[in-house]
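User: Please take a close look at one part of this structure and then set it against the rest of the chain. I would like every term to come with its cut-offs, since I want to know exactly what each statement rests on.

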Amino acid sequence: MYHSIWLMTIPLLLCAVWAHAGEPASTSPAAQPPCMRVLLVRNESGRTTTITPAEFAKLPQATVRDKIPHTDQDGAYEGVLLHELLRAAGVAFADPAAPDKKLPASLRTAYVLVEASDGYQVVFSIPEIHPDLGGREVLLVNRVNGVPLDAKLAPYQVIVPGSDLHARWIRQVTRIMVQPATAAPVSPQDAAATAPQTGRPSEGQVFLVGTGPGDPELMSVKAAQLLKRADIVFCYSWMKDEVAPFVRPGAVEVASPLLMGGQYCGQNPDDFQGELQERVRQTNEALDQLKTRIRAAVADGKTVAFADNGDPTIFSPWGWVPDLLAEFRPVVIPGMSSFNAANAVLQRGLAGQRSLILSSGSDLGRPDPQGRLSSTLVFFTQRVEIQKLMGQLRDRYPADTPVAIVCDVSYPSERILRGQLGTFADVVAKEQLPLLYLLYVGDALGVATAAK
Ligand SMILES: C[S@@+](CC[C@H](N)C(=O)[O-])C[C@H]1O[C@@H](n2cnc3c(N)ncnc32)[C@H](O)[C@@H]1O
């Protein structure tokens with residue numbers, strides 16, 4: 001977990017380590033074996049150079065010795081000095097107009113942003129990585145003690161000799177960017193204009209982001225940071241107002257309701273008849289439009305996010321994104337599910353419980369030969385007919401089984417209804433249930449109490 005923000009100032013050194021969703025390299029290096037992973041290096045004028053492992057091996061190699069973190073062993077780290085790598089990628093350390101000046105104007109306020117495949121980031125100042133400018137021999141390594149880095153570190157790791165602030169020894173490095181500190185980041189258009197080696201700006205990224213159960217304080221730092229910098233945030237209509245305060249003005253785009261749940265996305269209309277056939281056709285059109293929109297945004301270097309309530313992998317209307325938008329290699333940022341938040345207000349832990357089933361309502365789990373169920377069930381109730389479900393549950397659980405409904409968890413309107421299964425239908429019948437509620441049934445709730 002890299003949730004905290006650390007910012008420290010050291011004389012002459014700007015040294016910041018922080019983490020957020022980041023922009024893993026557009027080539028999705030994480031999906032490639034380390035030996036094939038490319039490194040993207042962007043210079044101060046926005047030109048991106050792609051460095052293959054073979055090209056890396058041809059750069060001037062250097063070795064430094066330092067302790068291997070969290071061990072008492074020494075490592076002989078082999079790789080390329082960071083400033084040499086940047087030089088090879090076109091960073092102009094020497095200014096032809098003023099050769100006696102050690103630090104050219106273009107780099108005086110720039111910093112080096114190093115990024116890992118999971119979005120972890122570390123910042124170095126220019127002087128700190130250049131021995132001629134008073135810095136250290138900071139190395140980007142791909143081998144230690146004569147062997148390639150293991151999978152947890154590969155393809156590249158930064159080594160800061162003599163520093164035991166290992167949070168800066170960033171591993172799984174896939175992208176290094178020289179960023180101007182005082183100006184707006186280089187626009188994709190500028191990058192395209194000055195990118196003779198790749199011929200294109202660095203690509204944008206797509207994220208599926210869990211925004212938590214409702215209370216903004218339960219949104220992860222990572223999700224909040226990502227939403228803040230996203231250029232486009234897709235959401236369904238009911239989340240528009242909730243998401244808007246966290247994103248740039250105008251970034252929210254309401255997605256077609258046809259895409260919700262993805263049931264008909266990518267289906268063949270000929271497999272359906274009548275109205276359904278037309279619906280499949282329209283859904284596919286909406287999906288194509290969405291893909292066209294994302295393709296253009298990504299090519300333009302934009303960050304695109306799909307915002308989802310709770311956790312985006314739990315009964316999510318965007319659950320289809322990782323599969324059907326696989327071409328954009330979406331990164332999933334987990335969120336706190338309403339289930340987690342409801343456990344907290346119910347003050348229930350699951351230690352010692354045999355099993356717990358999260359259900360959309362259509363499946364109650366496998367009964368024993370007597371037709372009885374013993375797991376605790378938690379229903380995400382969006383498609384549930386509650387009284388009908390109560391009847392099904394009464395057939396499978398003893399009447400004194402504890403039951404709870406958690407309404408609007410983490411919102412100001414949050415409330416809990418508790419009872420025993422045998423009589424809970426009456427409790428529910430007297431209540432006006434909100435749109436958002438979770439139903440719990442089973443022993444994990446502890447001893448059943450009267451309704452409250
Ligand atoms: C489409 S599912 C989305 C679940 C979401 N991905 C999550 O992890 O919480 C919607 C259902 O989640 C539950 N839900 C979501 N937010 C809730 C909240 N704040 N309070 C209670 N239930 C909630 C309700 O059962 C609702 O019908």
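Analyst: Helices and strands here are runs assigned by DSSP and numbered from the N terminus, where a helix is H or I over at least four residues and a strand is E over at least two. Residues are numbered from 1 along each chain as its sequence is written. The model is predicted, and local features are therefore taken up only at pLDDT of at least 70 and side-chain atom pairs only at pLDDT 80 or more, whereas totals for chains, interfaces and linings use all residues.

On that basis the protein has 11 helices and 22 strands, and the part I would single out is strand β9, residues 139-144. Five of the six residues in β9 are buried; a residue counts as buried if 20 or more other C-beta atoms, placed from the backbone, lie within 10 Å of its own, as exposed if 12 or fewer do, and as partly exposed in between.

The pairing of β9 can be followed strand by strand, with two strands taken as paired if DSSP finds at least two bridges between them. Strand β6, residues 74-81, runs antiparallel to β9 and is joined to it by five bridges, one of the pairs being Gly79 with Val141. Strand β11, residues 157-159, is also antiparallel to β9 and shares three bridges with it, with Leu140 opposite Val158. Strand β10, residues 147-148, again pairs with β9 in the antiparallel sense, over two bridges, and there Val144 faces Val147. Two residues separate β9 from β10 in this hairpin, where Asn145 adopts a positive phi near 50 degrees.

Within β11, Gln157 deserves separate attention. Gln157 is classed as buried because 24 C-beta neighbours lie inside 10 Å. Leaving aside residues up to four places away in sequence, Gln157 touches Val141, Leu149, Trp169, Ile170, Arg171 and Val173, a contact meaning that two C-beta atoms, placed from the backbone, lie within 7 Å. For Gln157 and Trp169, 12 residues apart in sequence, the C-alpha to C-alpha distance is 6.6 Å.

For comparison, consider helix α9, residues 338-346. Ser338, Phe339, Ala341, Ala342 and Asn343 are the buried residues of α9, and they pack against β18 (356-359), β19 (376-380), β20 (402-407) and β22. Directly after α9 comes Gln347, with a positive phi of about 55 degrees.

Over the whole protein, 39% of the 452 residues count as buried. Of the contacts between residues at least 6 apart in sequence, 63% join residues at least 24 apart.

The confidence of the prediction should be kept beside all of this, expressed as pLDDT, the predictor's confidence in each residue from 0 to 100. The mean pLDDT of the protein is 84, with 86% of its residues at 70 or more. Over residues 1-31, however, pLDDT stays under 50, although the model has 67 contacts beyond four places in sequence for that stretch, and residues 191-196 likewise stay under 50, with 16 such contacts. Where pLDDT is low, the predicted coordinates should not be read in detail.
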